[in-house]
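Work through the following exercises with the sequence and the coordinates side by side, and try each task before reading its solution.

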Amino acid sequence: MTQQLPGTTDPVLAAGDEPQSNASGNAYFGDILETRLSRRSLLRGSLAAAVAGAMATSLPFGGAFAGQGGRGPSLGFAAIPTSSADSVVVPEGYRVQAMIPWGTSLAEGTPDFAPDNGADDQAQQVGSHHDGMHFFPLDGRSDEGLLVLNHEYIEPRFMHAAAAGLALDSGGFPQLADGSRDADQVRRELHAHGVSIVHLRRDDDGRWHLIKDAHNRRVTGLTPMRLAGPVAGSEHVITRYSPDGRTTRGTLNNCANGVTPWGTYMASEENWAGYFANRAETIDRRQARYGITRRDTSRYQWHKAAGGADEFLRFDATPRGGSAAEDYRNEPHTFGYMVEIDPFDAEAAPIKRTHLGRFAHEGVVFAPAVEGEPVVCYSGDDARFEYIYKFVSARPYRAATADGSLLDEGTLYAAKFHADGSGEWLALAPGENGLTPENGFADLADILVNARSAADTAGATKMDRPEWGAVDPASGQVYFTLTNNTRREPGQEGAANPRANNTFGHIIRWREAGGQDATRFQWDIFLLAGDRDSGRDANGAPLDDDAILASPDGLWMDAERRLWIQTDISESVMNDGIYEVFGNNQMLVANPESGELKRFLTGPIGQEITGVTMTPDRRTLFVNVQHPGATTEASAFAAGDYASHWPDGGDAIPRSATLAISREDGGIVGA
Ligand code: FEO
Ligand code: CA
Ligand code: CA
Ligand code: CA
């Protein structure tokens, strides 16, 4: 029996990040001698030559590609320096409020956070590890709305009174003497995952307050949900819980988010594979291609909860019954999707939209909807050498009738980036790009459940961990962060992933050739993250002290076209070695036209900055701080010596929380 913990020993991955599992023979572009980066370097210093070259070859070099007209948005604040302090820093003239930390009670008469909280308490509290989010205004207001936020994972040692004094690292958890886990602890952990819907109002004092009323709601790792789209009802998702393959329980590892054109919220399921054990002799591609190996362990050992309740046993995918309807061999196939939640309808079950594909979904970002045109959205699969995807709906968008069923019929594509600056979308559909029964793809459900394998077969381009995407509301140009990839070897560099041992990551962007639903595009590299030596802005110029960054992850473009960039340097290397110069994780803002880049915010110790949204008037910016104190060593934890006490200070347990940021003069944030 292989006993392999689904964590990581790699210093540049964070605990729980997906391991590399792409063994396909797809090209790395290692045979391409002249990358686009080197072309740009050759051309830099001669703008005329660059423009002439771009026009002659239709190649989108640097500024020639950016030109959507105008100078782009102002960045009117003074950049702040990097920081290693245990605090949040914003520019002069700004104020920041930390609110709704993990464990905040959402219902009258229920307790706020305490280490001896139980599972039932957590079910009515804000979850842990805040991530992607969106502000849904009530009645169009900018001082009242529903903030919907993801809770990516947990740090069990900070959750349970039973963990006190134990030498636990950030992924560690208390176990019973026989190796099982306390069932109430496990249920509490499931409730700390998922999504929170939180009713907020800004009072005359300018501070945001939680309103405890019926709007507040939790979606957790136990909430019943529907499957929709081609995988629903297929053999792949038949379980003991759902013999007809139409439902499942819970959503996990919700990382980035999306907002549909019809006003619902989309939560992604990213690093779910680690939550499953499977002791079968052979693990088929529906799990092996996603990193599930033959093992009796899982990330938090939920399948070993004492008492063996069905809601915990399902995390062991070992076949044990006579058929799939008698066990949970298919449970992992009910995860890896985008989950649609209607924040205004507490009665509606969340829906997993399977046509958007099954992978380590970082998130989804929609292009602006156009009446009568298809709905288009983009997703990244965050693991090394995985792909970027696009979905185009079959039916056109009609504002009067649009709903999530638009996401159940259409075409999923994977991106192929060519060295000449062009690109194409490869349809992952029956009969297209080698996806035939002869090649092992029986039908559309088979393709979507096995989206990674389908993209391998189609020949998509292996990327450096695709994270968040952003769409320029004015131009429709798409930006994606590629956070890092230290496993890309010399010789595996490509035009779109130009650096071997990509320790710092980059941002790519593209423009569709024609309508947003086009199958061809032109692309460029917007930013090479790095220090003053290795970082390059959109013009190929080195980054200055106001702009150095590493591991770009969160990404969002606001209505005035400011591109907000958030970093996720792994807690295992933050403030250490080549990463020391960047300090704690941070948020910056870029002008998409000029490439100007300035640091706007730095976070406390051990955390990552992730999740960003604004009120409609753009006077309040919400940002999440995830896993402060994750850098606490096991021995320090045992001694009660936490690396961070943010946000409460003193001796407090560090907790993820949301920031509300505004200007003292009431102006637009970032302007
Ligand atoms: Fe959850 Fe890819 O960051
Ligand atoms: Ca992320
Ligand atoms: Ca992370
Ligand atoms: Ca990340």
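For calcium, a donor is an N, O or S atom within 3.2 Å of the metal, and because water is not among the atoms, a site may look incomplete. The model used here is predicted.

**Exercise 1.** Identify the protein donors of the calcium ion (ligand 3), and establish where in the chain they lie.

*Solution.* Begin with the distances: D568 (OD) and E608 (OE) are the protein donors of this ion, lying 2.2 to 2.5 Å from it. Next, place the two in the chain, where D568 belongs to the loop between β25 (563-567) and β26 (586-590), whereas E608 is in strand β28 (residues 608-614), so that the pair links distant parts of the chain, 40 residues apart. Then apply the burial cut-off, which is under 20% relative accessible area: D568 is buried at 11%, and E608 is buried at 5%. Finally, look for a neighbouring metal, and note that the calcium ion (ligand 2) is 5.2 Å from the calcium ion (ligand 3).

**Exercise 2.** Determine how β25 is enclosed, and which strands pair with it.

*Solution.* First count the buried residues: 5 of the 5 residues of β25 are buried, and the strand is therefore largely enclosed by the rest of the structure. Then separate the faces, with L563, I565 and T567 buried on one side and W564 and Q566 buried on the other. Lastly, trace the pairing: β24 (residues 552-557) runs antiparallel to β25 over 4 bridges, with P552 as the bridge partner of T567, while β26 is also joined to β25 by 4 bridges in the antiparallel sense, with Q566 partnered by M587.

How values were computed. Residues numbered from 1 in each chain as written. Chains lettered and ligands numbered in written order. Predicted model: local features only at pLDDT ≥ 70, side-chain atom pairs only at ≥ 80, totals over all residues. Heavy atoms only, no water. Donors = N, O, S within 2.8 Å, 3.2 Å for Na, K, Ca; no water. Buried < 20%, exposed > 50% of the residue type's maximum accessible area, 1.4 Å probe, protein only. Pairing = 2+ DSSP bridges.
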